[in-house]
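Reader: Before we talk details, please show me the model. I want each label tested against its definition.

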Amino acid sequence: MDIYVLLKKTFDTEEKINISQGHIEDDGAEFIINPYDEYAVEEAIKQRDEHGGEVTVVTVGDEDSEKQLRTALAMGADKAVLINTEDDVAEGDQYTTAKILEAFFADKEVDLILAGNVAIDEASGQVGPRLAEALSIPYVTTITNLKIAGETTVTIEKDVEGDVEIVETSLPLLVTCQQGLNEPRYPSLPGIMKAKKKPLEELEIDDLDLDEDDVEAKTKTVDVFLPPEKEAGKMLEGDPQQQVQELVSLLKNEAKVL
Ligand SMILES: Cc1cc2nc3c(=O)[nH]c(=O)nc-3n(C[C@H](O)[C@H](O)[C@H](O)COP(=O)(O)OP(=O)(O)OC[C@H]3O[C@@H](n4cnc5c(N)ncnc54)[C@H](O)[C@@H]3O)c2cc1C
């Protein structure tokens, strides 16, 4: 099977976010594989081990994205592709990313593409579905179980707000991965050593017959700001009747929601 994983690097969840002149500052920040993409890498490896074939991880990013790709290779992926947009695209959005990926997949044989359910930084959950639409293949989001029994029998369990929906579909297919799908492995020491020698191809948008205008963002970020500091909670005192009276008065006069 030809299996691909869409992988995005995101801020380390421990990083403190700083904003300067309407942009999130990422100088010196630590980056990790988007946690949902770790489920995608793990599932890709498991499906390859069961059905044979090859796992390729693809990222649209910059030179530093090589680190996250090498980690995926160390987990067990076979090949990696870095589409480096650093020199060509200054501003981009989900359209930009999906358009670049669409061009990448234009000449590829694909059985299965796995993406994360959502990127934990910008969290639109758009890239996977946008790409599947562009490639005219079916997609199922937020999957928690994947069974492939031949090209026409793929059975998927999908998270629907805490409940489970079962979907039957066929290959080629794109899925987005949800927590609970599997337990991503840590790269082993031999895995890390092997990853250094695995192929990592680097492309630019020019190699995909795209230029800057083709991938121009469709959206504009108007403002970026941190949520307001949370105020301390207020404890109401007295018997329940007094508390209810005070609560109603506060909702009316202070919070102005009644
Ligand atoms: C060239 C370029 C310039 C950009 N410039 C800006 C900018 O100026 N300002 C700004 O705020 N943002 C910028 N971005 C980021 C962009 O807006 C989004 O981060 C990106 O499109 C993904 O959207 P998302 O984070 O909502 O991902 P989601 O759609 O939530 O991600 C879901 C899944 O899609 C896949 N995916 C997402 N992104 C990538 C990727 N890059 N490569 C491979 N797979 C991916 C992963 O599997 C991920 O788990 C730029 C992106 C590009 C490619």
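Author: Helices (H or I, at least four residues) and strands (E, at least two) are DSSP runs, numbered from the N terminus. T142 lies in strand 9 under that rule. The model is predicted, so local features need pLDDT of at least 70 and side-chain atom pairs need 80 or more, while totals for chains, interfaces and linings use all residues. Numbering starts from 1 along each chain as its sequence is written, and side-chain values use heavy atoms, without hydrogens or water.

Reader: What makes the phi of T142 notable?

Author: Its sign. Phi of T142 is near 45°, which is positive in a residue other than glycine.

Reader: Why are strand 9 and strand 10 called a pair?

Author: Two strands pair if DSSP finds at least two bridges between them. Strand 9 (residues 139-148) and strand 10 (residues 154-160) share 5 bridges, so they pair; they run antiparallel. L146 faces I156 of strand 10. The two strands form a hairpin with 5 residues between them. In that turn, G150 has a positive phi of about 95°.

Reader: What makes strand 10 and strand 11 a pair?

Author: The bridge count again. There are 7 bridges between strand 10 and strand 11 (residues 163-169), in the antiparallel sense, so the pairing rule is met. V154 has T169 of strand 11 as its bridge partner. This hairpin has 2 residues between its strands, and E161 in the turn has a positive phi of about 55°.

Reader: Why is the bond from L171 to P172 singled out?

Author: The peptide bond there is cis, with omega near -5°. P172 sits in the loop between strand 11 and strand 12 (173-177).

Reader: How do you know which residues are around the ligand?

Author: A residue counts as near if one of its heavy atoms lies within 4 Å. There are 27 residues around the ligand, and L6, K8, D37, S124 and G125 come nearest. By class, the shell has 11 nonpolar, 10 polar and 6 charged residues.

Reader: Why is the approach of Q94 to the ligand called a polar contact?

Author: A polar contact with the ligand is a pair of N or O atoms within 3.5 Å. A polar side-chain atom of Q94 lies 3.0 Å from a ligand oxygen atom, so the pair qualifies. A polar backbone atom of G116 is 2.9 Å from a ligand oxygen atom. For A119, a backbone N or O atom also lies 2.9 Å from an oxygen atom of the ligand.

Reader: How much of the ligand does the protein bury?

Author: The protein buries 88% of the 920 Å² that the ligand exposes when taken alone. Those areas come from the Shrake-Rupley method with a 1.4 Å probe. Strand 6 (54-61), helix 3 (94-105) and strand 8 (112-116) each give two or more residues to the shell. Strand 6 gives the most, with 3 residues.

Reader: What is the volume of the second largest pocket?

Author: About 270 Å³ of space lies in it. Of its 14 lining residues, I33, E38, T71, Y186 and P187 are the closest to the centre. Strand 5 (31-33) and helix 2 (66-75) each give two or more residues to this lining. Helix 2 gives the most, with 4 residues.

Key
1 Å grid on protein atoms, 1.4 Å probe; cavity = no way out; pocket = protein on both sides within 12 Å on 5 of 7 lines; lining within 4 Å. Points joined across faces, edges and corners; volume = space filled by probe spheres on them. Polar contact = N/O pair within 3.5 Å; in protein donor to acceptor, adjacent residues only side chain to side chain. Nonpolar A, V, L, I, M, F, W, Y, C, P; charged D, E, K, R; others polar.
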